[in-house]
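Work through the exercises below with the sequence and the model at hand, and compare each step with its solution.

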Amino acid sequence: MRVVIAGGHGKIALRLERLLAGRGDEAVGLVRRPEHEPDLRAAGATAVLCDLERAGADEVAAHLAGADAVVFAAGAGPGSGAARKDTVDRGASVLLAEAAERAGVRRFVQVSSMGAGKPPAPGSDEVWAAYITAKTRAEDDLRARDLDWTILRPGALTDDPGTGRVTLAGPPLPFGKVPRDDVAAVIVALLDAPGAGRLVLELVEGDSPVADAVRGLPTAGS
Ligand SMILES: NC(=O)c1ccc[n+]([C@@H]2O[C@H](COP(=O)([O-])OP(=O)(O)OC[C@H]3O[C@@H](n4cnc5c(N)ncnc54)[C@H](OP(=O)(O)O)[C@@H]3O)[C@@H](O)[C@H]2O)c1
């Protein structure tokens, strides 16, 4: 399987690339800084330079040609302001989805966030509100497309070692945390599960082995 990952130098993305490469899949990461290339190579992935706040859809589509799946794992990150929540967390996801349609790559896993899908709570911090609004708008865009999308909303991400056990279900789940290792493992399992298209899923730490959690999902439309 050839998988193109947007935000290819992100903490989840590097874990995902290691898992995919480790089982013989081809992982390609879209990165915006040349100095990130050695880290992707060390993870077993190929880096492609592409700034998702500057590129056009045809350029991105060319990078997706021949892929079996696309993963949106980019994010403006901590320390960024409201404007970049819109240009990355919304805009880059919309661009990637548009490019996936143009390239004919149907399978699309979007890393969103718990809290998306509804308006930010009244009184929320301005940047948090912009982030949740951007994630919600990115989800809405993806849902409207003719793609086999899965929207994955993790809780608070940690760098704790993965446990291989999670709670994965349609919203709403009680808010919780989840190691990035386990998010990456869930993404791999979702990529292997064609029936997981057109599902919105929330993810926190839990008791179910990842494979069982994905196997137990409803198939789309059921
Ligand atoms: N933090 C949390 O608790 C939490 C909870 C739920 C969901 N999430 C979401 O989970 C996702 C992944 O999280 P993570 O911790 O792996 O994020 P991360 O380590 O911050 O990685 C995000 C990646 O996106 C890249 N990026 C930013 N702007 C870009 C652009 N214009 N073009 C190409 N790439 C760009 C960054 O590259 P640069 O290094 O070049 O900036 C970075 O490598 C994000 O969407 C985040 O919002 C986070």
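**Exercise 1.** Determine in which sense strands β8 and β10 pair, and over how many bridges.

*Solution.* Strand β8 covers residues 165-169 and strand β10 covers residues 199-205, where strands are DSSP runs of E with at least two residues and helices are runs of H or I with at least four, numbered from the N terminus. These two strands pair in the antiparallel sense over four bridges, pairing being counted if DSSP finds at least two bridges. Within this pair, T167 has V204 of β10 as its bridge partner.

This is a predicted model, in which local features need pLDDT of at least 70 and side-chain atom pairs count only at pLDDT 80 or more, while totals for chains, interfaces and linings use all residues. Residues are numbered from 1 along each chain as its sequence is written.

**Exercise 2.** Place the pair in its sheet and find the edge strands.

*Solution.* The open sheet has nine strands in the order β3-β2-β1-β4-β5-β6-β10-β8-β11, with mixed pairing. Its edge strands, each pairing on one side only, are β3 (46-49) and β11 (208-209).

**Exercise 3.** Describe the surroundings of β4.

*Solution.* Begin with the neighbours: β1 and β4 run parallel and are joined by four bridges, with V4 opposite V70. Four bridges also join β4 to β5, again in parallel, and here V71 stands opposite V109. Turn next to the faces: A69 and V71 on one side, and V70 and F72 on the other, are all buried, that is, 20 or more other C-beta atoms, placed from the backbone, lie within 10 Å of their own.

Key
Buried ≥ 20, exposed ≤ 12 C-beta atoms within 10 Å, placed from the backbone.
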